[in-house]
Amino acid sequence: HDVTVVAAGSGSSDAPDAVWVPTRRPEGGGKLGALARRSQPEAVRAVLMERGLAGAVGASNPDVVVPTTVAALESSAAAARATGAVVVADPRFEVPRDVNAVEIAPSRPDLVPGVASGLAHHTPAWTAPVGTPVDGRHAGRSIILAYRRTDSNPGRYLEDALLRAGVELTVVDHLDTATLPAGLDGVVFVEGPYPALDVVGPPSHVPVLFWAHHGEHHLDANLRLAERYRADHVLLAHSWHLSHRFAQPVTRFPFGVPVDRMAGGLPWAQRDYDVAMVGAHLDGGGPYARRGELVSRARAHRGADRCAFLEGVTAAEMGAAYERSRIIINEGGTRHFPITMRVFEAIAAGALLLTDRVPGLSQLFDPDAHMVHIHEPYEQQLDALLADPASEAIARAALAHGVASHTYDHRVDELFAVLDSTTAARAPVQDAPPADGLSGLLHHDVEVQRAVQLGADELADAHPDRELWGVEELGDRLQPTSFEVAILRAEDVTDHRELMRAARRYLYVEGAAAGLEEYLEAERPDATIESFGAVRRVDLGAPSYSVKPHEVLEP
């Protein structure tokens, strides 16, 4: 993309090409100008500044405006309105809906253009198929499916559908492209729990696809994975306003209705639960505060015995609970607004989907005919839906529509449409990854975005896509658990406890690191240590999207 940086201030050597907007007006003017600036009310100064920023942004005629701070949001929105652009911002920013790419991109993909164009699936220009795909229809095709096969990974649904379609399928959790067989149609990577899969060998002679199924909070890692996996094409399950962030063509590839895993035919009168939800963070907290509120209010109002709110269960246990539930609540958190797997699982179970307004969901299901949006008063809404026979009819209509157009069997057909339109042409963009040392470990841990380091200044140049801070830069701003990783290259870490406390997930340690064992024994006794050559990685046991060895299933 062509990128213009607009900033407030008088200029900086760190951004010599930026367009700088003065923070005070009028500029110059000698003593009279200085007097005018001193006497200028703060409110007037703020208005002039907003206008100056909006004007400078608008002069670049942008497609996308990215405010990097809350203070830049108002001028970004004003510039977007004036130029027909959209605003892409941190999900914690309250972007006005009329310019918010999250809201607009699902129906206007042209407003968040990618570097390269993908197929138009699940856009207004695309017509969903109607009918049941025939088993064995892709006999003679051959695919390698690369993912960590866990109970909750959507790759399992895709795997089953590929086998039903008659595809010759090989499932792997690492790949050497030098061993790809003749006659192969393509390689499909599915995002999964970390660590990332290892890929070695020359550029693939067949198309490589990468299916990403998380949004903003995994975006930086997924951008790195698209490069590591040498993807020729990226499939996005949701968060379609992020298409412009990938260097590859992007096609929309949502989850599907797993009709082979759930039987949605049980009449509502025979179901045990009024309200259900399976997922993490049901007690709320952070970006899931609203989820916790919805769960607790439903439980208090309908009674705990009439609710199935479950965490840490298997896919089979989830399906059994959903099949016995009338209403399933969907709330995906405020950080990434996803079209979750829960949407499709609820529909497969024949339950009524009661959901927050999720951008893009109306491209798949009709809000009036196939689902109901949560509104206040919430408790009265639950009562009314449970008492109304039309609710069961909506659930049946959603299931019928899902079976006709949105099963994983339909997704397999879309997958081959993408493969057949994709050329295997991409060598890795980045140079060969570092093999060992601190830099090699940071490359290995693709999910790590923010780190603070002591004695390893060279890492910032080697990993420009990470946020790497030197401890000296932070001073007293260093706070506990404020970084994912603290990196220490030191013979003695006794005097660096504040730095080690700043890590939430890992410590990377190179050198003798005297005092490390004493620190861990005193403050992190449950931490575990793994060696990567001369570097030790201390796992602090923070909750994370990572796989445990016992969770990986055999093909």
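## The six-stranded sheet

In this predicted model, 6 strands come together as an open sheet, and their order is 6-5-8-10-11-12. The pairing is parallel. Strand 6 (168–172) and strand 12 sit at the edges, and each of them pairs on one side only. Going from one strand to the next, the twist averages 25°.

As a reminder, strands of a sheet pair through backbone hydrogen bonds, in either a parallel or an antiparallel way.

## Walking across the pairs

Let's start with strand 5 (residues 142–146) and strand 8 (residues 186–190), which are parallel and share 4 bridges. If you want a spot to click on, Leu 145 is opposite Val 188 in strand 8.

Strand 8 also pairs with strand 10, again in the parallel sense and over 4 bridges. Here Val 190 has Trp 211 of strand 10 as its bridge partner. Strand 10 (residues 208–212) then runs parallel to strand 11, with 4 bridges joining the two. Ala 212 stands opposite Leu 236 in strand 11. To get from strand 10 to strand 11, the chain passes through helix 6 (residues 219–228), and this β-α-β crossover is right-handed.

The last step is from strand 11 to strand 12 (residues 250–252), a parallel pairing over 3 bridges. Val 234 faces Val 250 of strand 12 across that pairing.

## Strands 10 and 11 from both sides

How many residues of strand 10 are buried? The count is 5 of the 5, so strand 10 is largely enclosed by the rest of the structure. Val 208, Phe 210 and Ala 212 point one way, while Leu 209 and Trp 211 point the other way. In a regular strand, side chains alternate between the two faces of the sheet.

Strand 11 (residues 233–236) has cover on both faces too. His 233 and Leu 235 are buried on one side, and Val 234 and Leu 236 are buried on the other. Some of these residues turn up in the pairings above: Leu 236 is across from Ala 212, and Val 234 is across from Val 250.

## A helix across the strands

Helix 12 (residues 408–420) lies across strand 5, strand 8, strand 10, strand 11 and strand 12. Relative to strand 10, helix 12 runs at about 140°.

## A buried asparagine in a loop

Now for a loop residue. Asn 100 lies between strand 4 (86–87) and helix 4 (101–104). Is Asn 100 buried or exposed? Its relative accessible area is 13%, and the cut-off for buried is under 20%, so Asn 100 counts as buried. Leaving aside residues up to four places away in sequence, Asn 100 touches Val 87 and Val 95.

## The whole chain

Zooming out, the protein chain has 17 helices and 23 strands. Its C-alpha trace spans about 80 × 55 × 50 Å along the principal axes. A compact globule with 555 residues would have a radius of gyration near 24 Å, and the 26 Å of this chain agrees with that.

Of the 555 residues, 51% count as buried. Among contacts with a separation of 6 or more, 63% come from residues 24 or more positions apart. The chain exposes about 24900 Å², and carbon and sulfur atoms supply 53% of that area.

Key: Residues numbered from 1 in each chain as written. Predicted model: local features only at pLDDT ≥ 70, side-chain atom pairs only at ≥ 80, totals over all residues. Heavy atoms only, no water. Buried < 20%, exposed > 50% of the residue type's maximum accessible area, 1.4 Å probe, protein only. Pairing = 2+ DSSP bridges. Right-handed = clockwise from strand over helix to strand, strands pointing away. Axes fitted to C-alpha atoms, helices over the stretch in contact; angles between N-to-C directions. Contact = heavy atoms within 4.5 Å. Rg over C-alpha atoms; globule rule 2.2 N^0.38 Å. Areas by Shrake-Rupley, 256 points an atom, 1.4 Å probe, with all protein chains shown as cover.
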